[in-house]
Structures are given as C-alpha cells and as structure tokens.
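Here are some exercises to work through with the model on your screen. Try each task yourself before reading its solution.

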Amino acid sequence: MWRFGGRRGLGALQRLSGRRTHRNVWRGKSDQACERALQYKVGEKIHGFTVNQVTSVPELFLTAVKLSHDSTGARYLHLAREDKNNLFSVQFRTTPMDSTGVPHVLEHTVLCGSQKYPCRDPFFKMLNRSLSTFMNAFTASDYTMYPFSTQNPKDFQNLLSVYLDATFFPCLRELDFWQEGWRLEHENPSDPQTPLIFKGVVFNEMKGAFTDNERIFSQHLQNKLLPDHTYSVVSGGDPLCIPELTWEQLKEFHATHYHPSNARFFTYGNFQLEQHLKQIQEEALSKFQKMEQSTVVPAQKHWDKPREFHIACGPDSLATDASKQTTVSVSFLLPDITDTFEAFTLNLLSSLLISGPNSPFYKALIESGLGTDFSPDVGYNGYTREAYFSIGLQGISEKDVRTVKELVDKTIEEVIEKGFEDDRIEALLHKIEIQMKHQSTSFGLALTSYIASCWNHDGDPVELLQMGNQLAKFRQCLKENPKFLQEKVEQYFKNNQHKLTLSMKPDDKYYEKQTQMEAEKLKQKVISLSQEDKQQIYKKGLELRTQQSKPQDASCLPALKVSDIEPSIPFIQFDVSLAAGDIPVQYCAQPTNGVVYFRAFCSLNTLPEELRPYVPLFCSVLTKLGCGILDYREQAQQIELKTGGMTVSPQVLPDDSHLDTYEQGVLFSSLCLDRNLPDMMHLWTEIFNNPCFEEEDRFKVLVKMAAQELSNGIPDSGHLYAALRASKTLTPAADLQETFGGMDQVRLMKRIAEMTDVKPILRKLPRIKKYLLNCDNMRILLSRCSVNATPQQMSQAEKDVGNFLRNVGRSKKERKPVRPHVVEKPAHSSSGGSGSQIVRKLIIDPTFKPCQMKTHFQLPFPVNYVGECIRTVPYTDPDHASLKILARLMTAKFLHTEIREKGGAYGGGAKLGHNGIFTLYSYRDPNFIETLQSFGKAVDWAKSGKFTQQDIDEAKLSVFSSVDSPVAPSDKGMDHFLYGLSNEMKQAYREQLFAVSHDQLTTVSNKYLGIGKSTHGLAVLGPENAKIAKDPSWIIR
Ligand SMILES: [Zn+2]
C-alpha cells in the first residue's frame, strides 16, 4: 500500500484517541503496565539495548521508555499502557531520488518470502494463521512502515518473528520483483502471439492511484513546494517511470535502507518489554554491525520569490459543468516538524484558520460560492521534514484563479489585523481535550502514525506525546502576548517568500495521453528486445504462472490453532428502561473516561416514497443550518464548544431472520464531556423541534461540498459502489441502501449541486422533517435512545435524556405508515434482563421479487471495480456461519491468487454481510471479463471441495480475528441497540462458526453460489468495454 499525506486540519491529533481504563471504577489492574515500565533505570542494559529515558505521560495514561541498540544504533520506543491490543511497528527512513517507486516495490517484495519463511506472501498467509487485529505495510514519502497488532501474546511473538525476517532477511527473488513491481509479459502468457504488455501489482496500483484527481494535485503540490531532494519524486512510483526500475537497484535499496542503523522500532501495550527486546535482538539485530546512514533529508533551501505552476488532470467522472473543474491553492513552507512546539502551534493555528463556518478562510473562500470545496491537503501538513500550509478551492472556473489568490492574501491581512475570537480558541482547546479522552480501538496504531514523521527526522517522539505540556505552554504564550497567533500569521504567511501557487485543470484527453505515453514507453522497451530476450520473457511468464498456480506449502510459518480462540464472548451488560412514558432507552455503563455518548433512532416508516432519495441530504445538513434562535454560525460554535460532534445518518438495518424484512430510519449520534451533557441535550431538543431550513446560500455551500466529497471518493471506494449496485435487485433492504448510498445518490447530489435554483430541493427538507421529527408523531417515530457513559454519570444522563424526550413532542396522534406492511419485533434480550424492551418496527415487502441485473457504470478510469452479489440467507440461518467461513476460504485460497497475483488487480475477494448478501469483488482491476470468469471458477472450486481441514481452520482464525476485534466503550451494546441481537444470539452464532465442517462448506457452495441456484446481480465501474457494449443483457449508465 502507498500512503500519501494525511487528513485535513487536525488530522494527526484527531487520530490520537484510544482505549483507556477508567481510574475510579476499574481500579486495580489499571496502571500495572505503566508502573512496571517506570521501574526501568536510565543506563540499564537489557538484551543488547540501553535505556535512555523513562517518562510518564499521564495525559495519555502511558509510560514511555526510550532505548537504543548498542551495536547497531537502532532506535526503540516502548509505550507501556494498560491496553490488551498490543502493537509493533518497524519503520525505515526511505528517501528515494527517482520516481521508479523503489521503496514501494520493495515494501511489496519483502512480503514475498524470507530466509526463515520462504513461502510466498507470508503476510497474507499470516492473516489466516493469526488473531491479529491489524496487519499492514505502507510506503510514505520518506519512510516505510510495517505495523501489526494483536491481543494474544503468543500471536505477538509469531507475528514479530515473521515481520523481522521479512524486513531484514527477505528473499527478494527476481520472480517476486516481476510479480510485484513490473514486467513485460504476453497479454495471455501462454500465447506468444498475443502482444507484450506491462504487468505488475505496483504498476497497476499506481495507475489506479492516479485516477484520483486529489492525489494528482497533492503529489504535485509536495513535489513542487519541496523540489530539492526526495520530496520532488513520487515515492509510490510514477507508472511511466516504474519500468525503469531494475532488480539490482531494488536489492541495493534494501541493503542501504533496511538496516538496523536506519530503523526505528516501536512497541505499545501491556505485554512485557523484555520479551520484545530479547526476540528482536536474537532474531535480527545480533546479526548486524553499525552502518553509516545516508538517508538524511537536508533542509529545503528557501526561495527568494514565490513560484507558480499549472498542471492537468483527468476530467471529473461525474461533472456535467466542465467549465468549473479547476483547482487552485496557495501553499507556504513552514519550519521543521522536529520543532514540536512550533508544529503544535501551527497545527492549532491552521485549525483556527480553516475549520468550520466561523473560520476566516471558510467565510472568505467557501462562502464566496466560487468553488465546491477546499482544495486537497488544505491546512497544516506535517508529513515532510518541513511542514507546509495550504489553502485554496476546487470546482472553480479557470477565470476565478486570480480572485481566489487575492482572497487568500486579503484574508491573511484581515487575520493579522483582527486576530481570533477567544470563544473560537476555547472551542478548539475543548476539541483537543475531548479527542484525548475519546477512546478508539486502535490507540497503538494511532500513536505510531502520530509520531512517525517527527521521529523519522530525529525529532523527539516523547516530547510530541506530552500534549499536556504543549497545551500549557500554548496557553501561556497567548496570555503573555495577545498577538501571539497574529504574529505567527504575519511571519509564516505574509512575510514568507517560499510560497507556491498551484492550479490544476482537467484535460479531456488526459487519460488518452497517459495511455499514449505508456504505449510509447512499451514500444521503446519492446523494440530494444532481441529475439532471445523475447524467448526469455515468454519463458519467465510461464514460469511465473506455474509458480503462482503451484499449491503452496505454508507450514514453515508459525500459527495459532482454533483451540487458541476464546470459546465464548464476554457478555455485555446493559439496562433498558422507559423514559418519558414509553420510549426505551438503553444504558450501557463503560469506562468512557468522562465522555458521554448519546444516540437516538427515528423510524422512516411514514415517509412518502418520493422523498426517500433526499434523506441522506437531509441528514447531512440537519445539524448545520441553524436551529431555534441560533443561526448556523452560532450553532456551529455551540457544537464545537459543548460537544465532540453531532451527526445524523440514514440507516437500513437488516432483520436477523428474514431477508425481505428490514428497519429503515435515521440515527442521531453525539458525544460530549460529562459536564456538557445538559447543553448537548438542549441542542438536540432545538434541532428536533426547531431546525431551520431557510438559509439558501448556506444550503448551496453544504450541497456542493457534499457532492464534491462523494465524487472524489469513487476511486477509493469503487468496489463498494459496485457491490451496492449489484445487490440492489436482490433484497428490498439492499434496494434502499443503493438509494441512500449508491451511485444514483452520488449522481443525484451532483445534479443538485449544479442547479442554479436549489429552492425546490430546499423546500423538501421541512417536509421530510414533518415525517421524521414532527412533534405530532414523535412518539411513533422516535423509536429508541442509547447512552454509553461511566456508571457515575448514568443517573444524571437518565435525567437529561428524560428531559429531552419530554421536550420533543407529546401528542399520541398516529400517522399511518406509508408502507402498509409493518411488523413490530422486540429486540432479543438476554435472559434475566429487566422487563423493558426495545421494539423495532420492521418493513415487510411481500411483493418484492429478487431478479438479476447487470450494470456497467462507464467512468473515465483506466481500471475497473467489479462486484457480483448473491442472495443467500439471514443471520440466524445456520448456513450463514458456513457461508461466512466459505467467503474467507475462497478469498485466501483462490481469489487472491487469481485476481491479485495472476490478474494484477490491487485486491479482490469474497465476503458475506450481516444482510445475507454474498459478494465477490475486485479493486483497481485491469481486467473485467476475466475477473467475472475467476468468480465463476472460484465457485466451482468451492463446490469441488478441494480444500483441507488446515485451510478451513485458517479461515476460521481469520474470521474470528475480525469477530473478536476490539470494540470501543462508545460502541459497546450497539449490536443490540441497532440490530436487536442479544449476547446469547452472538454466542450461538459463534458456536456455529466453530462447528463449520468440510461437508457444510461444500453443501452451501452447491446450495447457494452456482448459477441458477440463487439470484445474482453484477455491477462494474470502469472504462468502456467493447464486449459489454455489444451484450444487451448489460445496462450501461
Ligand atoms: Zn502498494
């Protein structure tokens, strides 16, 4: 995988939130790991390492231990924290000087087998032999990182062994380089008459990556703003340069970069540090001597005057208004990211400048109506040695480029003059507080990503983690100098000559030109080949194919057994009681660290059919247009000051026992600090009772941003759109899901965004509100609420939620559901639970007939996203568990080889949803017809039963590692709240998974997957295809 840049605004800080044990309630074990780590002494020697620093970081509930390896100089950071989900990562500074993608191809190739584990693809194989909660590898602009996490100590050792061997002792065989990097091969490898073409996983991955216009822009932005060294090249590889890379260069790059002296090791969690150090020393570091590094990135030379560039990209796949597809941004070089306090300050400053409708750049640019959304990489970017700030717009007319530049300059002047309101600074600091307290399930991963860039350039990762110190220092600076922030703006933005203006405009012939250049490159390569070379290529193509088709022996790899899996799930405790008379509220006490999570679910059963497509739009603007006496700016300010976010989303929830039954509704979700709960509930009351739908200009801005975001997301999520479409005609729930979130929704939003008069659309919103939130029928529509909070907070929460429910409508007048077939179904409750129950109002559609449909969405991409869906059985049917294991088995043992290794797609596989839809898919796939054939072959393979007990056990491990993946305290109990599943049902399902046998697997393959057995649907997103165009069974959109 190749990762470029980061997320918008407070990206890095946002990711900083993880699990934490609450001190008052779960006392006892809470601090063992941290206290144990505090016992280490500076200077202490452990397994070839020396302890350099031991620091307690109370704000993140962890102890940091910094070490260095005596004989190689390898750096090591251990973060001890009472968290079972332990993480390891090793990171190498990789600073390529060309765009052949050498670090990226290397990242892929080291995973093709190593000295101790010579089997192909140990990572993919370990997915089936482990209970890992995360395994990956990725190439950034200046480092390559290999992280994994698991909750099982034995698994940790197994994975560590595989990771160390892969990175330090890979085989790097020539055939691996051919498969993963690039190669010339006959289109059909067994037929030398077919033309020679470029193939290779990274080659295709990067072709796919650059169908994303935002990526093209970001890549050029970094290349041009930091032109002197490694940041001027494409670390992932430019498809036109990748074929220049040789196998020798790859091996050389490994020898000079993947060395302990250039490595940073990171471990996190509650496992023993000594054990990690011992294993790393024995299995890797003891075999190396110190090496001089040559990977340092020098400081960028500062410009003496600003620069300007124009670039081209592909046309927006969905835009109808070709005249408004230009992007422009102005970017400024900032100081070195190893200056952690300056980086912290500039990150906060960036947030004040661009986040939310009250920020100066939002007002000046977004609300100017010139464009659809901010330009890519807007805000602070701290992923390169020197950071940069970028600001601009996308979706503008070419003629407005100048205006945008002027607005940027003018806004900077205004900020220098006026500064920021105190309230906004307070809201931002509150946001940081809540982000530090909110707990995600992958805190270790968040931490390693957070420190990676700074540490990579020898900054102090521990200083970076001490956010409490930085916050205090920040407050102090503001107190001492009220113009602190304004002066920074003046220094870094106004008086900074290292300033780049970059504009990008679509060229209708962009992909055509890319194809031509690739063809030219191919021609050059082929012309230079001798007859003998051609023979070689043919032979190697066959050899690769033979290798790939050979049954593989993975027995060299360590593995857990099915017996290592926990036989039962920990039961989650919650209470349901009625509030305000008759509305069920689920209370789930959790160590939430002083944060309260509130959710409410409203039914959509009375909504007229013609309003349904507008529900997602309604949801996305409901909390952003103002409510009660608050206009939208005041509302945004209140939400930031009092909550950690208030969101609304459409929901289609499948039933557990009938495929044609489902629940439709809207979910309201929010979180806040304990002390702010009454304020948050008051905001909800106002949003429910008095939402505003008047501000037309504001509405236009929101629609444009939402539409732009949807269409930008297609290159990344094409397989999901294909699958949604393919399942549309299989169940009524899938049909509604496609309406809410499929390609039709993307196109509808795009159409609305391009309307000159949005009033007719805006007028639909109060109508939806009437059916969803109207006081008259609130009793019928507001189906249930839930609260996750600490036990101490529960009684206060009960009071506040009760008040809210009493305030949102009283009448009991019933409105008839539009669909006549509604059944009431109580949620399954655990035995011995209290009397009150959640009752779900499900829709049954007896007229629904599943049918086959094939859709081809023609998009101007050079790759395809293919989805084939099959209607199977609901969750409680015993066959569901068998199909779940089967999907994993087909992915690991058949589809991965066919679609990725042989076909050259970035990914592909099979999966079974809770909704009973079995999906076969491919991702960034150069093929289409061949992939559909592979799906067919996969089914034949499954039916034939040519798999072993070992294969089945591996599939089970893999399924359980996702079934047992950690759940954050905020999300505990949600299976019951949303889907009505009880602990007992989940345990029963678990037992079915354990029991799945070879016979059952072949039986379900025969029963459901074959043609003519169940209804199938197909959908493809991708370029024009001559064969499909001639086939009348396909609908072309
Ligand atoms: Zn990759």
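**Exercise 1. Work out the order of the strands in the open sheet of 6 strands, and find which strands stand at its edges.**

Step 1. Following the sheet across gives the order S28-S29-S27-S30-S26-S31, with mixed pairing. Strands here are DSSP runs of E with at least two residues, helices are runs of H or I with at least four, and both are numbered from the N terminus. Two strands pair if DSSP finds at least two bridges between them.

Step 2. The edge places belong to S28 (907-912) and S31 (1035-1036); each has a single partner strand, so one side of each has no neighbour in the sheet.

Step 3. Now add the helix: H25 (residues 714-727) packs on this sheet and touches S26 (854-858), S27, S28, S29 (917-925) and S30. The direction of H25 makes about 30° with that of S27.

Step 4. Look at one pairing inside the sheet: S27 (residues 864-871) and S30 (residues 1016-1022) run antiparallel and are joined by 6 bridges. Ile 870 stands opposite His 1016 of S30.

A word on the model before going on: it is predicted, so local features need pLDDT of at least 70 and side-chain atom pairs count only at pLDDT 80 or more, while totals for chains, interfaces and linings use all residues. Residues are numbered from 1 along each chain as its sequence is written, and side-chain values use heavy atoms, leaving out hydrogens and water.

**Exercise 2. Describe how strand S5 (residues 86-93) is covered, and find its partners.**

Step 1. Count the covered residues: 8 of the 8 in S5 are buried. Buried means under 20% relative accessible area, exposed over 50%, and partly exposed in between (1.4 Å probe, protein chains only).

Step 2. Split them by face. In a regular strand, side chains alternate between the two faces of the sheet. On one side of S5 are Asn 86, Phe 88, Val 90 and Phe 92, and on the other Leu 87, Ser 89, Gln 91 and Arg 93.

Step 3. Find the partners. S5 runs antiparallel to S8 (residues 143-150), with 8 bridges, and antiparallel to S11 (residues 263-269), with 6 bridges. Phe 92 faces Thr 144 in S8, while Val 90 has Phe 265 of S11 as its bridge partner.

**Exercise 3. At what angle do helices H21 (residues 615-622) and H29 (residues 764-772) pack, and which residues make the contact?**

Step 1. The angle is about 90°, and the axes lie 10 Å apart. Axes are lines fitted to C-alpha atoms, for helices over the stretch in contact, and angles run from 0 to 180 degrees between N-to-C directions.

Step 2. H21 is therefore roughly perpendicular to H29 (the label covers 65 to 115 degrees; under 35 is roughly parallel, over 145 roughly antiparallel, the rest oblique).

Step 3. H21 contributes Val 615, Phe 618 and Val 621, and H29 contributes Leu 765, Ile 768, Lys 769 and Leu 772. Contact means heavy atoms within 4.5 Å.

**Exercise 4. How many disulfides does the structure hold, and where do Cys 588 and Cys 851 stand?**

Step 1. The number is 0; a disulfide is a pair of cysteine sulfur atoms within 2.5 Å.

Step 2. For Cys 588, the nearest cysteine sulfur is that of Cys 785, 15 Å away. Cys 588 is buried, at 0% relative accessible area.

Step 3. The sulfur of Cys 851 is 13 Å from the closest cysteine sulfur, in Cys 869, which is too far for a bond. Cys 851 is partly exposed, at 38%.
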